Amino acid sequence: MKTLGIISEFNPFHNGHKYLLDKAKKELKTDLAVSIMSGDFVQRGEAAIMDKFSRARVAINCGFDLVIEIPSFITLQSAEFFAKKSVNILNKINIDYLVFGIENINPNDFLKACKVIIENEKNIDSKIKSLIASGLSYPKSHNKALLDFVSSDFLSSNNILALEYMRALYKINSKIKPYPIKRIKTKNKDQGINDKNFASSTAIRNNLGLDIKNLIPNESCSELSNFMNEYKYFDYDYIYKIFKYKILIEKSDMSNILGYEDGLDNYLSKIAIIKDSYKDFLGQATSLRYTKSRIKRLVLNYILSYTVDLNDYDISFINILAYNKKAAENFKNLSKNLNIVINKSDLNNLSKSDLLIYNKIIRASNLYSLGIAREIDYDFRHNNRPI
């Protein structure tokens, strides 16, 4: 049996995702399609447009067989760590191919460029440190250092994340084969809708007031409509109040929080005192050194008490969000190296460290629920039956 894996957000699931999956299944002739997907918060430090169960259902109805949750402390970190931990989980379930989208460059050239970068990693790391010391943010320093070895066509957020997948596969000497597929019609950074059938997730989220039916599969459109009718938009100012209470009133220590850097607590405290809205706070806090995504991730990690020691845990379970009959028939193979969590009773099989990680997942889900005015502990109430 051959299995492909895709690391995803599906925020929301659109025609580009469907194209990627269908093309990969056709060309690789795989038997099982697995997605490991961000939970209720995504890598930019934002709440997902729909909750994780809604997005997972869409993925199954659009051709995946199994959707696994990426623990939220992994999602709310840099692209490097996000890729490293996600690839490690896929490696444990023994997938054969890691499929991902790239842009501006054909797959063979992308793979060659990645090889050059990996072979020159020490020189690149040295230049990155020098550029950061000069005041540039990590992403800008990283991209500038790469230009000594690759063309500017390589440099896009989409390709940089794909590069991190390649690095992760190399570092653990994985048997998983990378399978890049070039995006069509649109780019990841596109803010607007430029094609009648394809648009980036960002462009779709930015244009929810328009008719987007041609841009997303019917299953995704229906699920999105139902979710938006039932719940309100995520209330970032509500979350900001929690952050302000923790940093200004409770004065909770930030030094061991994921994404922290010396001085950031004092820097953010001074801004939080004078800014009443989350939008204004982010506008003031963002700088050449601190990207908006980094600040947003740190805010959430701080609220959720996600500490650096979480990075030391070797995760030995998968939290399943949705699956079909074909996936269920293969659970025995998937569970050789990992415990499977579908129902609450499955928690009895987890180690102490895995149970701690699972409880961190629930904490993030509950924060999301507060932000959309939904009851907490929704994960335990959600009926996770096969689709």
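**Exercise 1: the sheet**

In this predicted model, work out the strand order of the open sheet and find its edge strands.

*Solution.* Start with the order: seven strands line up as β5-β4-β1-β2-β3-β6-β7, with mixed pairing, and the sheet is open. Next, look for strands that pair on one side only: these are β5 (177-182) and β7 (339-341), the edge strands. Finally, follow the twist, which averages 35° from one strand to the next.

**Exercise 2: one pair of strands**

In which sense do β1 and β2 pair, and over how many bridges?

*Solution.* Take residues 3-8 for β1 and residues 32-38 for β2; the two strands run in the parallel sense and are joined over six bridges. To check the register, pick G5: across from this residue, in β2, stands V34.

**Exercise 3: helices on the sheet**

Which strands do helices α2 and α17 touch?

*Solution.* Begin with α2 (residues 52-61), which packs on the sheet and touches β2, β3 (66-70) and β6 (317-323). The direction of α2 makes about 65° with that of β6. Then turn to α17 (residues 352-372), which packs on the sheet against β3, β6 and β7. For α17, the angle with the direction of β6 is about 40°.

**Exercise 4: cysteines**

How many disulfides does a search of the whole structure find?

*Solution.* The search returns zero. Consider C221: the closest cysteine sulfur, in C62, is 11 Å from its own sulfur, so the two are too far apart for a bond. Now compare accessibility: C221 is partly exposed at 21%, while C114 is buried at 0% relative accessible area.

Methods. Residues are numbered from 1 along each chain as its sequence is written. This is a predicted model: local features need pLDDT of at least 70, side-chain atom pairs count only at pLDDT 80 or more; totals for chains, interfaces and linings use all residues. Side-chain values use heavy atoms; hydrogens and water are left out. Two strands pair if DSSP finds at least two bridges between them. Helices (H or I, at least four residues) and strands (E, at least two) are DSSP runs, numbered from the N terminus. Axes are lines fitted to C-alpha atoms, for helices over the stretch in contact, and angles run from 0 to 180 degrees between N-to-C directions. Contact means heavy atoms within 4.5 Å. A disulfide is a pair of cysteine sulfur atoms within 2.5 Å. Buried means under 20% relative accessible area, exposed over 50%, partly exposed in between (1.4 Å probe, protein chains only).
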